[in-house]
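Here is a quick tour of one protein model, written for someone who would rather be at the bench. Have the structure open and follow along.

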Amino acid sequence: MSQSEPQHQSATPARDHIVIFDTTLRDGEQSPGATMTFEDKLSVAALLDEMGVDVIEAGFPIASEGDFEAVSEIARRTKRATVAGLARAIEGDIARAGAAVRHAVKPRIHTFVSTSPIHLAHQMRKTQDEVLQIITRTVAQARGLVDDVEWSAMDATRTPIDYLCRCVEAAIRAGATTINLPDTVGYALPDEYKAMFQSVRERVPGADAVIFSVHCHNDLGLAVANTLAGIDGGARQVESTINGIGERAGNAALEEVVMAIRTRGDVLNLSTAIDSTMLTRASKLVSAVTSFPVQYNKAIVGRNAFAHESGIHQDGMLKDASTYEIMTPESVGVSKTSLVMGKHSGRHAFKEKLREMGYVLGDNAIEDAFKRFKDLADRKKTVYDEDLAALVDDEIGSAHERIRLVALTVIAGTMGPQSATLTLDIEGTHTTRQATGNGPVDAIFNAIRSIVPHEAGLDLYQVHAVTEGTDAQAEVSIRLIQGSRSATSKGADPDTLVASARAYIGALNKILAMRAATPDVLAAG
């Protein structure tokens, strides 16, 4: 623990609690290409609840039947957090949101309407008085369905302060319990954002009886700075996403806000309920289900966040970690030490290393993972933590697969066509096929399709090296789409072609599971 990092925030009762509102499943999913499956959303929501998020915005129920079902199921399963459904200021939206969250232990309807002149003129095509009437009517409708209603002034930072105050007052009178003043287009500067909250809270009757919320977009790279400024202006709820994903340039990153509050408790005098040791785990899960990589130098959860290459930095770190680290790796769920694993490592050391990294596996899973680790160690000089994480994640992901890769041989080179000979285990039956293609990867996928005929199309194929060096383990991300269904999977192996096959098979397993495949579908062709 660095000297600048408070060890026990609970020892300071005067700290104000900041409500952490996570909108990864709603605003985050609106990132182009970040759509999550039903199962993905349930997994993310369960982790958010476990790590201490106060409010989970589970989706936009009116958007689709799938979104409604996801919000409803998350509402049923969530044990501690408030579950919110988003709704436009439209009666049908609000009714749908109310129906979706009604089974939650703590249900919330979050309704919004535009308030800025540019939105009223070009999007809403309503007068200011008409919008005030809409606010009163729809907030009252929401309050009739649930006790917890959040109202948002979309594009608040470009709304004249006098009119913004009138809108907030109308929402409070109609029954809103939380007032969100978002920087919808990432336009504000920190001083402006702080002043807006101060002005509204001072001028609006009843403002002291509600919670004010910040929701900041990162178009100018100021989302976290504006979030902290809004808190300084009196807001006590923060709306954010894991890894900062979201529309356009994204949202304020939850992990950055939480660790700023934790690390600078000497100045901010605030606290959250977040278990910060789960931040890295949450980051990896969201990255995996969206196939959105986390940039290496991303604050808090990036691969290089606690890496030091400069000789001066390394010297300082060896003498005292606080010389260059303002928080400990352990505080965000990163292993403090980098134990080098190799082919001479034993089973006990392997199991202990996985435990340190947060993996708790059963005996059979340990044996399978250990065998794959030994195979990997024979082909790599050094096995890094990232290699182990990719290897075990791949093992966990394939634990209940009905289709497994048994063997793969590929012939490639300048003299095409390239060919692949593939053996798959389909529920205990081995089938081998050979196929050609326009390149080795295409040949592999054609071979898979010849064994397991399907109509899913390849929507994403992405390769990156897990670690450095020519013997680096490759991690391949694949997304398949069939009709309205999509599935994403990752495969890892020092051989990029093997990783590609594993990733494709993983995604195919998910597609087949989603459509409740019959035995005939999985029969060898």
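## A word on pairing

Two strands count as paired if DSSP finds at least two bridges between them. Keep in mind that this is a predicted model.

## The E14 and E15 pair

Let's put that to use. Strand E14 (residues 457-465) and strand E15 pair in the antiparallel sense, over 8 bridges. If you want one bridge to click on, take Val-463, whose partner in E15 is Val-476.

How enclosed is E15? Strand E15 covers residues 474-482, and 8 of its 9 residues are buried, so the rest of the structure largely encloses it.

## The barrel

Now for the parallel side of things. A closed barrel of 8 strands runs in the order E2-E3-E4-E5-E6-E7-E8-E9, with parallel pairing. Ignoring direction, neighbouring strands of this sheet are turned by 25° against each other on average.

One piece of the barrel to zoom in on is strand E3 (residues 55-59), which runs parallel to strand E4 (residues 82-88) and is joined to it by 4 bridges. Among the residues involved, Val-55 has Thr-82 in E4 as its bridge partner.

## Two nonpolar cores

In soluble globular proteins, nonpolar side chains tend to be buried together. Here the largest nonpolar core holds 87 residues, and the ones that touch the most other members are Trp-151, Val-168, Ile-179, Leu-181 and Phe-212. Helix H6 (residues 161-174) gives the most to this core, with 9 residues. A second, separate core has 29 residues, including Ala-456, Val-476, Ile-478 and Ile-505.

What does Phe-212 touch, leaving aside its neighbours within four places in sequence? Its contacts include Val-168, Ile-179 and Leu-181, along with Phe-197 and Val-200. Arg-201, Arg-236 and Gln-237 are also among the contacts of Phe-212.

## H6 against H7

Helix H6 also packs on helix H7 (residues 190-203), at an angle of about 55° and with the axes 10 Å apart. The two helices, H6 and H7, are therefore oblique to each other, and their crossing is right-handed.

Which residues meet here? From H6 come Ile-161, Asp-162, Leu-164, Cys-165 and Val-168, and from H7 come Met-196, Ser-199, Val-200 and Arg-203.

## A buried aspartate

Last stop: Asp-387, which sits in helix H15 (residues 385-397). Is Asp-387 buried or exposed? Buried, because its relative accessible area is 0%, and the cut-off for buried is under 20%. The C-alpha atom of Asp-387 is 8.9 Å from that of Asp-493, although the two are 106 residues apart along the chain.

Conventions
Residues numbered from 1 in each chain as written. Predicted model: local features only at pLDDT ≥ 70, side-chain atom pairs only at ≥ 80, totals over all residues. Heavy atoms only, no water. Buried < 20%, exposed > 50% of the residue type's maximum accessible area, 1.4 Å probe, protein only. Core = buried A, V, L, I, M, F, W, Y, C linked by side-chain atoms within 4.5 Å. Contact = heavy atoms within 4.5 Å. Axes fitted to C-alpha atoms, helices over the stretch in contact; angles between N-to-C directions. Parallel < 35°, antiparallel > 145°, perpendicular 65-115°, else oblique. Left-handed = near helix turned anticlockwise from the far one by under 90°.
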